[in-house]
Amino acid sequence: MNIEELQAYHKHITDTYDQRSGNHDNSQWHRETALKLIDGIPPGSGNSILDIGTGTGTIAFHVASLAGPDGKVTGVDLSRGMLCEANKKLADSEFNNIEFVLADAEQLAFANNVFDRIYCASAFFCILDPLSTLRQWHGLLKPGGILGFHAQPETSYYWIREARKVFTRHGYPYLINNATGSIEKSEQLLAESGFNKVDIRVEESGYYMPAEQARDSWIDESDFFPGQYPHPVTNVPPEIMMQCKQQYESNIEKLITEKGIWNDISMYYIYAYK
Ligand SMILES: C[S@@+](CC[C@H](N)C(=O)[O-])C[C@H]1O[C@@H](n2cnc3c(N)ncnc32)[C@H](O)[C@@H]1O
């Protein structure tokens, strides 16, 4: 990927999250899953902690209180809007051991072997190059340090799963959640990244979406699409696109029950040890 493409991808991400920044703290789901990631393996007192894709700092504030006054927390994010919300909360707080930094999670400028814990909640699906990024994060951890992050099975979100099936059948890559899409893939990726032990906890969940919404779920180029650039449909010729859409709609129709369509939003809570 050249620099212009990377900038365009980052603009896609920051436009989306700048726009969501004012409401992000209203999402109970994000808050609960972020705090659960920390509960799985909390930091110790005095730890040095990096929160990647910190957003409005949910994890950063929580781990700062756990690490205590001798701990140090750095939250990084690409979205100025998110960091602005995080900094407003910081200014209103008593914490003096947190800092928020505008940075790309895939190109971090920290020294190696400095963090006891790295957390990344609900942001890994935005990473373009999972292997090189995880190698870099592995380098940033001290020996014995632990990375905790969320990933989602490739079977989650019915519209992504079904679109992936039809596009890959026609030879067009559809990468979101691919690298960490199963327990086996996640374990292999983390082993290749240098981690020597991996603990993956699966939390199964989902709900029924109304049939009408499912019938209207076909993607287009203007949809938010993290983890791949250009957008996966950009280079698909119109006649193939038409076939994919027909196959997609037929697959969706077969999955609809009287309750609607099952939308799996299961999560992997992944802890990787250096
Ligand atoms: C869904 S939000 C999650 C925020 C927070 N971790 C939480 O759980 O509340 C995803 C965040 O990841 C950030 N992000 C996405 N790609 C990034 C990248 N390459 N570098 C840094 N931050 C990134 C977005 O700007 C956004 O704030």
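1. In this predicted model, Thr74 has Glu99, a residue of strand β3, as its bridge partner. The pair belongs to a wider connection: strand β2, residues 72-77, is joined to β3 by 5 bridges, and the two strands run parallel.

2. These strands form part of an open sheet of 7 strands. Read across the sheet, the order is β3-β2-β1-β4-β5-β9-β6, and the pairing is mixed. At the edges stand β3 (98-102) and β6 (197-203), each of which pairs on one side only. From one strand to the next, the twist averages 15°.

3. Helix α7, formed by residues 183-192, packs on this sheet. The strands that α7 touches are β5 (141-151), β6 and β9 (267-273). The direction of helix α7 makes about 155° with that of β6.

4. Attention may now turn to the ligand. There are 21 residues around the ligand, and those that come nearest are Gly53, Gly55, Ala105, Ala123 and Cys126. Two or more residues of this shell are given by each of α1 (3-20), α2 (28-40), α3 (58-67) and β2. Classified by type, the shell comprises 11 nonpolar, 7 polar and 3 charged residues.

5. The final point concerns the interior. The largest nonpolar core has 59 residues, of which Val63, Ile118, Tyr119 and Cys120 touch the most other members. Which residues does Ile118 contact, leaving aside its neighbours within four places in sequence? The contacts of Ile118 are Leu50, Ile52, Trp137, Leu140, Leu141 and Leu147.

Notes
Residues numbered from 1 in each chain as written. Predicted model: local features only at pLDDT ≥ 70, side-chain atom pairs only at ≥ 80, totals over all residues. Pairing = 2+ DSSP bridges. Helix = DSSP H or I, 4+ residues; strand = E, 2+ residues; numbered from the N terminus. Axes fitted to C-alpha atoms, helices over the stretch in contact; angles between N-to-C directions. Contact = placed C-beta atoms within 7 Å. Near = placed C-beta within 6 Å. Nonpolar A, V, L, I, M, F, W, Y, C, P; charged D, E, K, R; others polar. Core = buried A, V, L, I, M, F, W, Y, C linked by C-beta atoms within 7 Å. Buried ≥ 20, exposed ≤ 12 C-beta atoms within 10 Å, placed from the backbone.
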